[in-house]
Each structure stands twice: as C-alpha cells, then as structure tokens.
Amino acid sequence: MSSFTQPIPLSLYVHFPWCIQKCPYCDFNSHQRQPDVDAQAQEQRYLNALVAQLDATLPTIWGRPIESIFFGGGTPSLMSVSGLNWLMSQLRARLGFDPSIEVTLEANPGAIDSDRFEGFRAAGINRLSLGVQSFQPRLLKALGRIHSDEDAETAFQAARRAGFDRINLDLMFALPDQTLAEAEEDVARALALAPDHLSYYQLTLEPNTPFYQAPPSLPDEDQAWQIQEQGHERLKAAGFASYEVSAWAQEKSRIDQRCRHNLNYWQFGDYIGLGAGAHGKLTLPQHNQILRTQLPASPGSYEREIERHPPSAEPGVLPGRVTEVTAQDRRFEFLLNALRLSSGFSVSLFEARTGLSAEALWPILRDWEARGWMTLSHAQPEKADCTLTQTGHRYLNTLLETLLDD
C-alpha cells in the first residue's frame with residue numbers, strides 16, 4: 001500500500017436540521033419546526049453545539065485550510081442573520097479560510113425575504129442554492145412545497161439585487177404525472193432567470209418517505225429518459241455544460257460556476273461534517289487512515305452527544321460514530337464519486353486520494369474498457385486518464401454493481 005503523497009483538500013459541511021414543512025419525497029435529515037418552540041433559544045443551543053463539535057475536531061485537521069463551506073439541511077435559510085453572523089465569526093476564529101473560499105447556503109424560496117439575502121451576503125455567504133424543484137403549481141403542490149412559482153422568481157431576483165453572482169437552481173424532473181411539455185416549460189422558466197448553475201435531477205422514491213410508502217404515478221423509464229434528454233438539449237443550447245451527472249454550469253460566466261464544494265466530494269476530498277446527522281471524511285496520512293464520522297440524527301441526541309464528548313488533544317478522537325475506511329471501501333467510494341464526473345479522473349488522483357497503488361484499480365478499468373464502458377488515455381496506469389463512454393454513463397449503476405459483486 002502506497003502512502004498519501006499530496007495534500008488533500010478540506011471542506012466544511014454544516015447541517016441545519018429544521019424545516020417549516022417536511023416534503024413527502026425528502027429523505028434528508030430534516031425535522032419540522034414546532035410552533036410552540038422558542039426558535040431563538042433552540043437555534044443558539046444548536047449553534048453552540050456546532051462550535052463545540054468543531055473544537056473537538058480541530059486537533060485532527062489543524063493547519064489545513066478550508067476551501068469551501070456548505071450550509072445544508074433542512075432549510076438553513078431559516079437561520080437568523082444574527083445567528084449565521086455569530087457562527088461565521090466562530091468559524092473564522094478557528095479555521096484558516098482559503099482566500100477564494102466558496103460559501104454556499106441552501107434556501108427555500110418560500111421561507112426567505114430580500115432583507116435576509118442581504119444579511120446572508122454580508123455574513124460571508126457568496127453562493128446560493130434555491131430549492132425551486134418545479135415552476136408548475138400543480139407539481140409544487142404534489143411535492144409538498146410551500147412556495148409558488150412566483151415566489152421562486154421573486155427570490156431569485158431578490159438574491160441578484162443583494163449581490164449574489166453565483167446562484168444555483170435545483171430543478172427536478174420525472175415528477176408525478178409530469179408531461180414532456182410541463183418538463184420543457186420548467187427548464188424554459190428556469191433559464192429565463194439566467195441562473196449561473198442548475199442541478200437537474202430525477203425524482204427518486206427513497207425508503208422511509210411518504211412517497212415510498214404510497215408511490216405517486218410517475219413517468220415510466222422511457223418517458224423519464226425522454227424528459228431528461230430534452231432537458232439536457234435545452235441546457236446545452238443555453239450555454240450550460242454538464243460537469244457531473246446532474247450538475248450544469250454556465251460556461252460563458254466570467255467566473256467558474258461549478259460548485260467547488262461538490263467537486264471536492266466527487267474527487268474524494270476530505271470534509272468535516274458538523275451538525276445533526278452530518279457525515280464527514282477525514283484523512284490521517286501519518287497513520288495511513290481514512291476516517292468516516294457520523295453524528296446522531298435528531299437535534300436533541302446530537303446536542304447530548306456533543307456535551308458528552310469534550311475536546312481532546314489527540315487527533316482522531318472525534319464525536320459521534322467513527323469508522324475506518326478499509327482499502328476495499330476506499331476503492332469503491334472513490335469510484336462511486338469520481339465516475340459521476342463528466343471529465344473522468346486520473347489514476348494518479350486515485351492514488352493521491354486513497355493512498356492505494358494503481359494495481360488496486362487497474363484490472364477493473366481495463367475490464368470496463370474491454371466492455372466499451374470506459375476509455376483509457378494511456379497503457380500505463382500512472383499516466384492514464386479514465387473517462388466513461390456514453391454507454392458507461394447510461395449504465396453507471398451497473399458498473400457500480402460489478403464493484404459490489406467483486
């Protein structure tokens with residue numbers, strides 16, 4: 001087993017677990033905020049726990065700059081501007097921010113106003129992700145969304161006025177009884193706003209959700225494929241390029257509009273996961289280890305876990321459940337992420353991010369090349385770039401299943 005030869009980029013994910021209303025398709029760790037709760041006191045207790053968890057994590061990541069921060073949820077835009085300001089000041093006091101750091105906040109168009117956008121921008125947020133999902137009133141109702149199509153447009157315009165020049169729109173397709181014409185109109189209305197980035201992905205029925213227990217009528221596989229291909233063609237014609245399975249960035253922008261935080265995931269970088277239910281991945285090169293962390297899902301259990309786990313001076317002593325990623329799992333997890341990238345990956349990146357030698361991967365890649373699923377740029381592993389073919393992209397799940405079988 002080879003050692004880690006290059007610094008591994010580090011990001012920070014912060015989970016805000018509350019929503020106004022839980023959507024029936026959502027399997028994320030989110031909890032409907034109860035009306036009889038003192039929201040300000042609840043928020044401050046939670047923010048204190050986030051900072052305490054970070055303090056316990058510092059010995060493991062000390063000296064490593066943070067390249068991106070992502071506030072996800074839940075609905076992080078429910079956080080007060082003063083609370084976010086306080087949290088950002090605590091993060092700056094403890095972490096070294098990369099000079100070009102990307103700081104993203106997810107926002108629900110039905111739970112925000114223009115003044116809050118300006119406050120979030122002043123606090124240090126420089127990228128927004130708006131959960132639009134659809135512009136069809138019928139479909140928004142079916143999805144359990146609390147906003148209207150007009151709310152989505154108003155929120156986008158308010159964000160632009162507040163100074164955001166990096167805005168992503170989340171848009172879903174293959175929705176309940178969605179027609180090809182409805183899907184086309186959704187893409188057209190999204191493009192009319194001139195966003196910088198689009199996350200365009202298919203609705204899936206996840207276990208432990210109301211939609212899974214009582215499935216709605218969805219387009220069949222052929223209809224979903226037709227909707228997807230139609231959407232992709234419209235995005236390409238509008239100057240967007242797909243750099244990941246469901247991520248599209250505006251190519252003509254003066255700045256790189258690709259999501260730096262998500263690219264770090266897909267390239268098997270490291271990330272701290274703060275908050276209820278958050279996951280993290282941290283590499284300890286000196287011990288030739290990669291650790292996975294997971295925190296309790298409920299906010300109350302999370303806060304109690306942090307209280308029971310005071311900061312330690314020893315690297316690797318972390319709150320929550322900590323497991324070591326085995327060599328076999330490193331290979332699978334790297335490919336699970338890197339194969340989503342349109343540009344592919346290099347074998348040298350695999351070695352740098354997993355600490356494994358090329359021999360752990362090369363026979364699999366040669367087999368996929370023989371099957372017509374992948375192209376390899378060079379016969380020598382250390383020089384090879386690996387890119388999925390069109391067939392490989394379409395049958396990506398089949399490729400991953402071969403790894404599981406192996």
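**Close-up views of Gly131 and its chain**

**View 1. Gly131 lies in strand β6 of the predicted model.** Strand β6 covers residues 127-133. The coordinates come from a predicted model. Gly131 has a relative accessibility of 10% and therefore counts as buried, the cut-off for that class being under 20%.

**View 2. Contacts of Gly131 beyond its sequence neighbours include His147.** When residues within four places in sequence are set aside, Gly131 is in contact with Ala107, Pro109, Arg145, His147 and Asp170.

**View 3. Gly131 is shown together with Arg340.** The two residues are separated by 209 residues in sequence. In space, the C-alpha to C-alpha distance between Gly131 and Arg340 is 22 Å.

**View 4. The strand is set in a protein chain of 15 helices and 17 strands.** The C-alpha trace of the protein chain spans about 55 × 55 × 45 Å along its principal axes. The radius of gyration of the protein chain is 21 Å, which agrees with the value near 22 Å for a compact globule of 406 residues. Of the contacts with a separation of 6 or more, 72% join residues 24 or more positions apart.

**View 5. The protein chain exposes a surface of about 17900 Å².** Carbon and sulfur atoms supply 49% of this exposed area. Buried residues amount to 54% of the 406 residues. The protein chain carries 35 positive and 50 negative side chains, and 4 Å separates the centres of these two sets.

Notes: Residues numbered from 1 in each chain as written. Predicted model: local features only at pLDDT ≥ 70, side-chain atom pairs only at ≥ 80, totals over all residues. Heavy atoms only, no water. Helix = DSSP H or I, 4+ residues; strand = E, 2+ residues; numbered from the N terminus. Buried < 20%, exposed > 50% of the residue type's maximum accessible area, 1.4 Å probe, protein only. Contact = heavy atoms within 4.5 Å. Rg over C-alpha atoms; globule rule 2.2 N^0.38 Å. Areas by Shrake-Rupley, 256 points an atom, 1.4 Å probe, with all protein chains shown as cover. Lys, Arg positive; Asp, Glu negative; His and termini not counted. Charge placed at Lys NZ, Arg CZ, Asp CG, Glu CD.
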